[in-house]
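Here's a quick tour for someone who likes to look at packing and charge pairs before setting anything up. Have the model open while you read.

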Amino acid sequence: MSASEEAQTHSTNSDPNDQSLKFAVAISLLRSKVLQIRSNPSDSDVLRWKRKAKERKQEILRLREDLKEAEDATQCDLFPQTASCKCYFFDNLGKLSSTRLGDGSDRRFNDVLRRRFLRQVRFKERRRKAVGSLQRRYSSDSNTEVETEQLRASVDFLVELCDTVSPVGEANFANWAHQAVDFILASLKNLLSTERNVELIEGIVSSLIMHLIRGMCSPFKVDESLHTDSDAQFYVQHLIRKLGSEAYIGQRVILSVSERISELAESLLFLDPFDDSFPSTHECMFKLIQLIEFLISDYLLMWSRDDGFDKMLFEEWVASILHVRKKLELLESRNGLYVLYMDRVTGELAKQVGQSSSLQMLKPEILDNLFH
C-alpha cells in the first residue's frame, strides 16, 4: 500500500472520533456559558439597574424640594433668605422722643419677613402642643377664629422669645421681636374691627402685658463683662412701648403699670434699704415710671383721635396715676426722685390733655387734681 493510500485510510478512520470530541466540547462550553448567564447577570444589566435607582433617588429629592418650596412659598419671595430686618426697631431705646414713634420698617422686606415669622410661629406651636392639650374652639366665623389663633400664637411666641433669649447680643432677637410686634398689632386691629371674641382678645392682651411687665423687672442671664441686666430690661421696655402704639394695648399697659408702681411703693415703704432685693426694686420703679412717660408722650394725642378710644379706661388710668403720685409722696424722705419723676409724668399728661378738647371729658375732680 502506498503512502498516500495509508494516510487517506487513517484520515477516514479518525474523522468520526474527532468530530464527536469537538461536538462534545462545544456543547459543554455552551452549557457552561448558559449556567453562568443564569447565575450572574451581565455587567450591562447591573449598570442599568444602578442607573434606574439613581434616577429614582434624584426624582425623590426633586419632589422633596418642590414640596418644601410649596409649603414655604419661597417662590414668591422677592428677596433671598438672608434678608433681615433693616428697620432699626430698637432706635431711641430708653430715650424720650420728640415725635411719636413710627414703626420705622423698610416696606420692601415686610412680605418676606412676615412669611418667615409665621413659619417660625407655626414651628414653635407644633413643638408646644402636647398629647391631651385642649384645643380652643370659638363660636365666631372661621376667619376670625384663625386670626384669633394667630394672635394668641404670636403673643406666646413673643413671650417665649423674651423669656428664653437674651435681648442683648442676640442677632435674631431684633428681627423676631419686630415681626412679632407688627403681627400682633395688625391682628389685633383686624379683630377689634369685627367686635367679636372681645373677652378672649382682652384675656390674650392682658396676659401679654402681664408677662412683659414682669420680664421688664426681672433679671436676664447676660454676659456680665459686656452688658448688665438693666440693658436687657430696656429692650423689653421698648417692646412694650412699641406695642403701646395701639390704644387698646397702650391704655391697659399704663393702668397695669400704675397699679404695679402702687404695689412697689407699699413694699418699699417697709423694705429695709440694705435688703438684697432693694436695688432691683428701686430700678424697676424707675423703669415703670419711665414707661408711662414714654407712652403718654408718644401716643396720647394719637389715641384721642381714634374713634375707638376708650374714654372710660382713659379716666381710670389718669385717676390711678394721680393716686400713685400721692403714694410716692410717702417715700419722699427715702428717695425724692420718685416724686420728681412722677411730677414730670403728670406734667406731660396735663400738657397733652390741655392740647386736646377730646381728652378733657374727665370728671371735674380728676381735672382739678391734674392741673393743680
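Let's start with a pair of helices: helix 8 and helix 9 run roughly antiparallel to each other, because their axes cross at roughly 150°, and anything over 145 degrees counts as roughly antiparallel. The two axes come within 9 Å, and the crossing is left-handed. What sort of residues make up the contact of helix 8 with helix 9? They divide into 18 nonpolar, five polar and one charged.

Keep in mind that this is a predicted model, so every number here is computed from it.

**The overall layout**

Zooming out, the protein has 12 helices and zero strands. Reading along the sequence, you just get α after α: α-α-α-α-α-α-α-α-α-α-α-α. Of the 372 residues in the protein, buried ones make up 39%. As for how the chain folds back on itself, take the contacts between residues at least 6 apart in sequence: 78% of these join residues at least 24 apart.

**Charge pairs across helices**

Side chains of opposite charge can pair when their charged atoms come close. How many salt bridges does the structure hold? There are 11. Three of them are set out here, with the N to O distance for each.

| Acid | Base | N to O distance |
|---|---|---|
| Glu202 | Arg252 | 3.9 Å |
| Asp298 | Arg241 | 2.7 Å |
| Glu293 | Arg344 | 2.9 Å |

Take the salt bridge between Glu202 and Arg252, at 3.9 Å. Glu202 sits in helix 6 (residues 198-216) and Arg252 in helix 8 (residues 247-270), so this pair ties together parts that are 50 residues apart in sequence. The limit for a salt bridge is 4 Å, so the 3.9 Å of Glu202 and Arg252 falls within it. Is each partner buried or partly exposed? Glu202 is partly exposed, at a relative accessible area of 35%, whereas Arg252 counts as buried at 15%.

Next comes Asp298 with Arg241, where the closest N and O atoms are 2.7 Å apart. This pair links distant parts of the chain, with Asp298 in helix 9 (residues 278-304) and Arg241 in helix 7 (residues 229-243), 57 residues apart. Both Asp298 and Arg241 are buried.

Helix 9 turns up again with Glu293, whose side chain meets that of Arg344 in a salt bridge of 2.9 Å. Arg344 belongs to helix 11 (residues 337-355), so the Glu293 pair ties together parts that are 51 residues apart in sequence. Here Glu293 is buried, with a relative accessible area of 7%, while Arg344 is partly exposed at 48%. Besides these pairs, salt bridges that share partners join Glu149, Arg152 and Asp156 into one network.

**A loop residue to look at**

Where is Asn197 found? Look in the loop between helix 5 (171-194) and helix 6. Its phi is near 55°, a positive value in a residue other than glycine. Asn197 also counts as buried, because its relative accessibility is 17% and the cut-off is under 20%.

**Pulling it together**

Helix 9 is a handy place to anchor the view: helix 9 crosses helix 8 left-handed, Asp298 connects helix 9 to helix 7 through Arg241, and Glu293 connects helix 9 to helix 11 through Arg344. Helix 8, in turn, reaches helix 6 through Arg252 and Glu202.

Technical notes: Residues are numbered from 1 along each chain as its sequence is written. This is a predicted model: local features need pLDDT of at least 70, side-chain atom pairs count only at pLDDT 80 or more; totals for chains, interfaces and linings use all residues. Side-chain values use heavy atoms; hydrogens and water are left out. Helices (H or I, at least four residues) and strands (E, at least two) are DSSP runs, numbered from the N terminus. Buried means under 20% relative accessible area, exposed over 50%, partly exposed in between (1.4 Å probe, protein chains only). Axes are lines fitted to C-alpha atoms, for helices over the stretch in contact, and angles run from 0 to 180 degrees between N-to-C directions. Angles under 35 degrees count as roughly parallel, over 145 as roughly antiparallel, 65 to 115 as roughly perpendicular and the rest as oblique. A crossing is left-handed if the near helix is turned anticlockwise from the far one by less than a right angle, and right-handed if clockwise. Ala, Val, Leu, Ile, Met, Phe, Trp, Tyr, Cys and Pro count as nonpolar, Asp, Glu, Lys and Arg as charged, and the others, Gly among them, as polar. Contact means heavy atoms within 4.5 Å.
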